[in-house]
Amino acid sequence: MDAESLLLSLELASGSGQGLSPDRRAALLTSLMLVKRDYRFDRVLFWGRILGLVADYYIAQGVSEDQLAPRKTLYSLNCMEWSLLPPATKEMEIQTSVVKGRFMGDPSHEYEHTELQKVNDGEKVFEEEVVVQIKEEMRLVSIIDQIDKAVAVIPRGALFKTPFGPINVNRTFEGLSLSEAKKLSSYFHFREPVELKNKTLLEKAELDPSLDFMDSLEHDIPKGNSLLLGGHWIHPQVRTVGHATCQFPLKSGTHGLGGNWEFNMGA
């Protein structure tokens, strides 16, 4: 959710049962504007909150003028002081995949994991138990990246691609109609396209290159429980539509219909 329309976006997201206290909202509204100025971002998005046992992580992302360029991720424990996280890597995902359970809420906390490693002793090869320490900050980076790749989506028409390449915000976009909001083809994964590159020239000829430059949800193959993954809901009374997955059930989004729109991503 865009920091400039944060209060409206939080109201839309509250339909999922998640919300912030008035003092947290006020602190976020002020601090995110300072983050935008200090880091010289084009936009700042409030990504959401990850619950911890000791404290919660409040996550924000900075966006450059090219909306699909790699975003910089920051976290805060008090909604006022923000720290920049390093970019996610495949090695981080592999290392942190062994950690299960709740976050502690302390970035310096270290998880211990025992694994078997092969050791060469001359001509003999044997396995030895090695204790590996994994910092919670690394786990935080990996989880945010996995969630973004899996379920960060955006409505069709919210962004447009110029002939010169950069992806810009469509200032004329006012939201999807109720009929369009019910279609999976009206939503794209908010990331660099993967499946689009595999389409044939005939399939690409039916697409609008200025709007259809990301992977559509229409052709997603559900993983895990297909009855729960990719669940959608419609609230005609408040004119919002939402999306959630089985893998990340607390990661959800809402989209205002036919008016000011925001796709809110909150964990």
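## A walk through the fold

Let's start with strand S1, which is mostly covered: 8 of its 8 residues are buried. Keep in mind that this is a predicted model, so treat it as a computed picture.

### The sheet and the helix across it

Where does S1 sit? It belongs to an open sheet of 4 strands, arranged in the order S1-S2-S3-S4, with antiparallel pairing. S1 (43-50) and S4 (83-84) are the edge strands, and each has a single partner strand, so one side of each has no neighbour in the sheet. If you are wondering what holds such neighbours together, strands of a sheet pair through backbone hydrogen bonds, either parallel or antiparallel.

Now zoom in on S1 and its partner. S2 covers residues 57-63, and 7 bridges join this strand to S1, the two running antiparallel. Together S1 and S2 make a hairpin, with 6 residues between them. You can follow the pairing residue by residue: Gly48 has Ile59 in S2 as its bridge partner, and Arg49 stands opposite Tyr58 in S2.

Then look for helix H2, made of residues 22-39. H2 lies across S1, S2, S3 (72-76) and S4, and its direction is at about 135 degrees to S1.

### Rings that pair up

How many aromatic pairs does the count come to? The count comes to 3. One of them is Tyr39 with Phe41, a stacked pair with 5.5 Å from centre to centre and 5 degrees between the planes. The two partners sit in different surroundings: Tyr39 counts as partly exposed because its relative accessibility is 34%, while Phe41 is buried, with a relative accessible area of 11%.

Another pair is Tyr57 with Tyr75. Their ring centres are 5.8 Å apart and their planes stand at 75 degrees, so this pair is edge-to-face. The pair links distant parts of the chain, since Tyr57 is in strand S2 and Tyr75 is in strand S3, 18 residues apart. Tyr57 is buried, with a relative accessible area of 0%, and Tyr75 is buried too, at 9%. Ring pairs also bring in Phe103, so that Tyr57, Tyr75 and Phe103 are linked into a cluster.

### Two nonpolar cores

In soluble globular proteins, nonpolar side chains tend to be buried together. Here, the largest nonpolar core has 19 residues, and the ones that touch the most other members are Leu68, Ile154, Leu159, Phe190, Phe213 and Met214. Strands S7, S9 (167-169) and S10 (187-189) are the elements that give two or more residues to this core.

Which residues does Leu68 contact, leaving aside its neighbours within four places in sequence? Those contacts are Ile167, Phe190, Arg191, Glu192, Phe213 and Met214. Apart from this core lies another, of 17 residues, among them Val35, Tyr58, Leu74 and Cys79. You have already met Tyr58, the residue opposite Arg49.

### Salt bridges

The structure holds 6 salt bridges. Here are some of them, with the N to O distance for each.

| Basic residue | Acidic residue | N to O distance |
|---|---|---|
| Lys90 | Glu93 | 3.6 Å |
| Arg156 | Asp212 | 2.7 Å |
| Lys183 | Glu180 | 3.2 Å |

Take Lys90 and Glu93 to begin with. Both lie in helix H3 (residues 90-96), 3 residues apart, which is about one turn of the helix. Lys90 counts as exposed, at 53% relative accessibility, whereas Glu93 counts as partly exposed, at 26%.

What about Arg156 and Asp212? Their salt bridge has its closest N and O atoms 2.7 Å apart. This pair links distant parts of the chain: Arg156 is in the loop between S7 (153-155) and S8 (159-161), while Asp212 is in the loop between helix H6 (201-205) and strand S11 (231-235), 56 residues apart. Is Asp212 buried or exposed? Asp212 is buried, because its relative accessible area is 11% and the cut-off for buried is under 20%. Arg156 is at 31% relative accessibility and counts as partly exposed.

As for Lys183 and Glu180, both ends fall in the partly exposed class: Lys183 has a relative accessible area of 40%, and Glu180 is at 32%.

Note on methods: Residues numbered from 1 in each chain as written. Predicted model: local features only at pLDDT ≥ 70, side-chain atom pairs only at ≥ 80, totals over all residues. Heavy atoms only, no water. Pairing = 2+ DSSP bridges. Contact = heavy atoms within 4.5 Å. Axes fitted to C-alpha atoms, helices over the stretch in contact; angles between N-to-C directions. Salt bridge = Lys/Arg side-chain N within 4 Å of Asp/Glu carboxyl O. Buried < 20%, exposed > 50% of the residue type's maximum accessible area, 1.4 Å probe, protein only. Core = buried A, V, L, I, M, F, W, Y, C linked by side-chain atoms within 4.5 Å. Phe/Tyr/Trp six-rings, centres within 6.5 Å; stacked < 30°, edge-to-face > 60°.
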